Amino acid sequence: MQSNLSHSIQRLEPLGRWLYDHSVEALWERDTRTLPRYLRQRRRAYRRFAQERIAPLALEADRSPEVYDPRPLLAEAGRRGFQSELLPWPLGRMPYRALLDGKVFAVILKAEEFCAACGGIGLSLLAHDLGMGPLLLAGHLPTILRWQWPINRANLRGDVRLVVYAITEPGAGSDMEESAGAARARYTTTARKVNGGYVLNGQKVFISGGAHCDYATVFAVLEREDGSPARVDTDYTCFIVERGREGFRAGRRERKLGQRACDASQLFLDDVFVPARNLVGTERSGWALNRNVLNYSRGPVGAIALGIARGAAESATRFARETRLNNKPLVAYQEVQLALAEMWIDVLAMRGLVWQSARHFLPQQGMAAASKAFCGELGFRVANRAMELMGDHGYLADQGAEKAMRDVRLNQIYEGTNQINYLAFVESFWESDLGPGDPARG
Amino acid sequence: MLDAEERRAVEAMLRRFAGRIEAELLAGEGADGDLGRVPRLLTEARALDLVADPSPQAPGHELGVWGSHCHEEGLGVSLLTLALLAEACAGFAAAVHAQGLACLALPASAGRAGDAPAQSLPLEPGMLLGAAFTPYYGIPLSTRFGQEGTGLHLVEERGKLFLSGSSHFLLAAGPPRALVCFARGPGAFAEDAPGWVSLAVGSGAAGLDLQEVGQRTGLRAAHQAHLRCERVAISGDQILQTGKAARRTLAQVLGCDWLGQAAIALGVARRALRDSRAYAADRYQGGRLIEGHAAVQLLQGTAEYDVAVLESLLGRHAAQPLASMQPRDLLGWACAARLAVGEHACRAVSNCLQTLGGYGYMEDYGLEKRLRDVSTLRGLHGAPDQLRLYLNQLRRGIGVADAW
Ligand SMILES: Cc1cc2nc3c(=O)[nH]c(=O)nc-3n(C[C@H](O)[C@H](O)[C@H](O)COP(=O)(O)OP(=O)(O)OC[C@H]3O[C@@H](n4cnc5c(N)ncnc54)[C@H](O)[C@@H]3O)c2cc1C
């Protein structure tokens, strides 16, 4: 701090001095201090894990995703309890206090820390929470005891059980996430009721973790008994499908721009029989279940963008501190200070919204969509700014910023494109704030 | 300048060749296509006189991108060529661009039989060249980080000349056989400008090291390297230009570099928009073709505006002969155009990618490559804030810019 200012502060009355926060404390610590103790501890544990276990693998996993094996890290994260945080002890490792607070606060802290180290590896760990979402949110105790608890137990032993979430189909992407589209979706994945269970047919695409999954929570349109045409918004039903079930297989793994350490794969269902116990929740409640899973997951997806953006800002800061020009570090030049300030303020704004939306007792559609879309947009801005600040160095892979740009670009697309999230925000606050009627009817 | 009919013919030829680039380079799998085919395509481009050539005997010397025609006829044809090539592959366009810049860096007489540089460095037809004119960070003609410079220095020791130092992010069509380097020279070269000198050197010279830059975001069909020189012996006949003449040529190279980058970005953005329109006219979501959704129309409308901004910026002085353009005007124009890459071309490509949803993020649809390519141009040979400061310096006519 400027020394004249320090002297001046010392001359203030004791109360005035006390009221003046002039401590030298890193941004990360400052924000951590505002959290309750149980979340402070988690945040530190996530950061340690990310720095020690994720960061060293990041560049190579991005460069050669086809040879990156996510299972060792899934096992390690599982042993530390990071893969079973949707239920409290003894069923999982959710902090008890979270029962009274926002349900996904720990998850958003985890998403930021993991993805600050690597968006792709972060996603490969976080996709599991998304896959597990329906098992909890169906609100069906037998489902929790039959599926969620044993999966948590296995992961806590380090015995990996990866669950992925499957709604998207070749002809229905946004339509699986948006009210108006759902009514008219051109779906292909169907379920037919048979003796003792259901037969599933169809195809899913872009499923994060699909190539390595042990289970998938698959959404299918349940055929109607009277033969009339079934629809996503009225007949959607969720099933848990185990790897190894006859007719269930992963297909092509997409080659993508970023978050490359996590595969996005096709899943095929050819006359897959699942017993009735694999039904998640109740028949034809899948549309609400899907929408609520998205309410729980879009906040964490916002936090993924936040983490990646923070990683980019850290890379740019490191570059500006280490590069010396004309006997001065780059960071000593005013234009560089302004650029860094813009980036870090964007990061703070993202964190502000993500934390604020996660503080709501239950994740809510409009708030979750706001987090997801805002952070997707700002995260891309921060990563581009970081690349720009670094000039030619910005497009070199080993500097980190270009990877962040590629990684965070995905956040405007998955969990519903940003446009679909803006529409979800409007839908959510239509009756209360934005207008009368139902926007889905146009 | 081309008349309308000539322009149509050139465009048709370029579009045909762009189709070949796509068929040859990008038909197979892989993020950037089959880069092993770039040399063959460059040979084809050379046969069409698209690639500048150091040898005055080759037609490309005059007609290629940044060839000698620019001095009399303006930059329009080069900008048009780069934009159209970039519609197929920005990296290939960057390779053609880089060869042109290196040829532009050679003074008009270089390579002619009997001229000084030819004695030490025969410039054969088809020879790949590189121009070393960029420092580790910043802009060679800006004084933001001290004096003007590229990081290369020519020093005189006991009557002998040595080139030392480094220049970075040198772009070339392939591993270059010879380099045109811009360096700060010893007192003897400082007679009328602050010590600039340009010189030609073979890339195999003792003490000269070219290191590929390593994995980068895009433009991978072009070659990029860092140059390090440790006491590379230079003879007097390798010196191409000194003082004001060298500095003026450097200004032209720098200006054409930024303009060429903007033209490449324009090509990428135009192509992204075309792909987006085709996709949106075929994809159903929400009960209709997605081109019917306002959300998609807004993305495409913004991209159309972005393309229009780039087009009008690039068209501004495209007809003016390079020889008659003041360095300050050229650099001001080029700076603004290059800044538009980050703001307009990148946004256009990103918006178009967005209209493809998840498919836009995947290699198969080409948009992911276009985003990588155009993002690489964001900071190529100048961080945008440094360009803004330099533009301001030029406009205010202060400091170094004042000398022009
Ligand atoms: C890497 C990756 C990982 C993914 N992981 C998963 C996963 O684990 N599980 C899963 O189920 N899915 C996953 N997805 C799918 C993802 O959620 C979809 O890609 C996304 O919802 C968009 O759908 P789409 O790709 O079909 O695009 P489309 O729906 O075809 O959208 C194309 C364009 O049209 C616009 N649009 C579409 N409908 C409307 C409308 N009604 N109003 C206005 N505009 C509209 C969109 O905004 C977009 O710009 C993943 C996708 C990617 C890319």
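A polar contact here is a pair of N or O atoms within 3.5 Å; within protein, one must be able to donate a hydrogen and the other to accept it, and residues adjacent in sequence count only if both atoms are side-chain atoms. Keep that handy for the first stop.

Before you click, some ground rules: this is a predicted model, where local features need pLDDT of at least 70, side-chain atom pairs count only at pLDDT 80 or more, and totals for chains, interfaces and linings use all residues. Residues are numbered from 1 along each chain as its sequence is written, chains are lettered from A and ligands numbered from 1 in the order in which they are written, and side-chain values use heavy atoms, with hydrogens and water left out.

**Stop 1: the ligand**

Select the ligand and zoom in. Start with Tyr165(A): one of its backbone N or O atoms sits 2.8 Å from a ligand nitrogen. Next, pick Ser208(A), where a side-chain N or O atom is 2.9 Å from a nitrogen of the ligand. Then go to Thr417(A), whose side chain has an N or O atom 2.7 Å from a ligand oxygen. On its own the ligand would expose 970 Å², and the protein buries 97% of that (accessible areas come from the Shrake-Rupley method with a 1.4 Å probe; for residues, only the protein chains shown count as cover).

Now show everything around the ligand, counting a residue as near if one of its heavy atoms lies within 4 Å. You should get 33 residues, with Thr168(A), Ser174(A), Phe206(A), Arg283(B) and Gly358(B) as the closest. Colour by chain: both A and B surround the ligand, so the two chains share the site.

Switch to cartoon view. Helices (H or I, at least four residues) and strands (E, at least two) are DSSP runs, numbered from the N terminus. Elements that each give at least two residues to the shell include strand 3 (197-208) of chain A and helix 9 (294-315) of chain B. Colouring by class gives 14 nonpolar, 14 polar and five charged residues. For this, Ala, Val, Leu, Ile, Met, Phe, Trp, Tyr, Cys and Pro count as nonpolar, Asp, Glu, Lys and Arg as charged, and the others, Gly among them, as polar.

**Stop 2: the second largest pocket**

Select Glu377(A), Phe380(A), Arg381(A), Arg347(B) and Arg378(B); of the 26 lining residues, these lie nearest the centre of the second largest pocket. On a 1 Å grid over the protein atoms alone, a pocket is an open set of points with protein on both sides within 12 Å along at least five of seven lines, a cavity is a set where a 1.4 Å probe fits but cannot get out, and lining residues have an atom within 4 Å of a point. This pocket holds about 670 Å³ of space (grid points are joined across faces, edges and corners, and a volume is the space filled by probe spheres set on the points). Which element gives the largest share of the lining? Highlight helix 10 of chain B, which supplies nine residues. By class, the lining has six nonpolar, 10 polar and 10 charged residues.

**Stop 3: a cavity in chain A**

The count of cavities of 30 Å³ or more comes to four. The largest has about 70 Å³ of space. Its lining has 13 residues, and Val104(A), Gly299(A), Ser357(A), Ala358(A) and Pro363(A) are the closest to its centre. Helix 12 of chain A gives the most, four residues. Nonpolar or charged? The lining has nine nonpolar, four polar and no charged residues.

**Stop 4: two backbone oddities**

Find Trp89(A) and Pro90(A), joined by a cis peptide bond with omega of about 5 degrees. Pro90(A) is in the loop between helix 6 (71-79) and helix 7 (105-117) of chain A. Then jump to Glu415(A), which is not a glycine but has a positive phi, near 55 degrees.

**Stop 5: zoom out**

Chain A has 17 helices and 10 strands, while chain B has 12 helices and 10 strands. Along its principal axes, the C-alpha trace of chain A spans about 80 × 50 × 45 Å. For chain B, the C-alpha atoms fill a box of roughly 80 × 45 × 40 Å.
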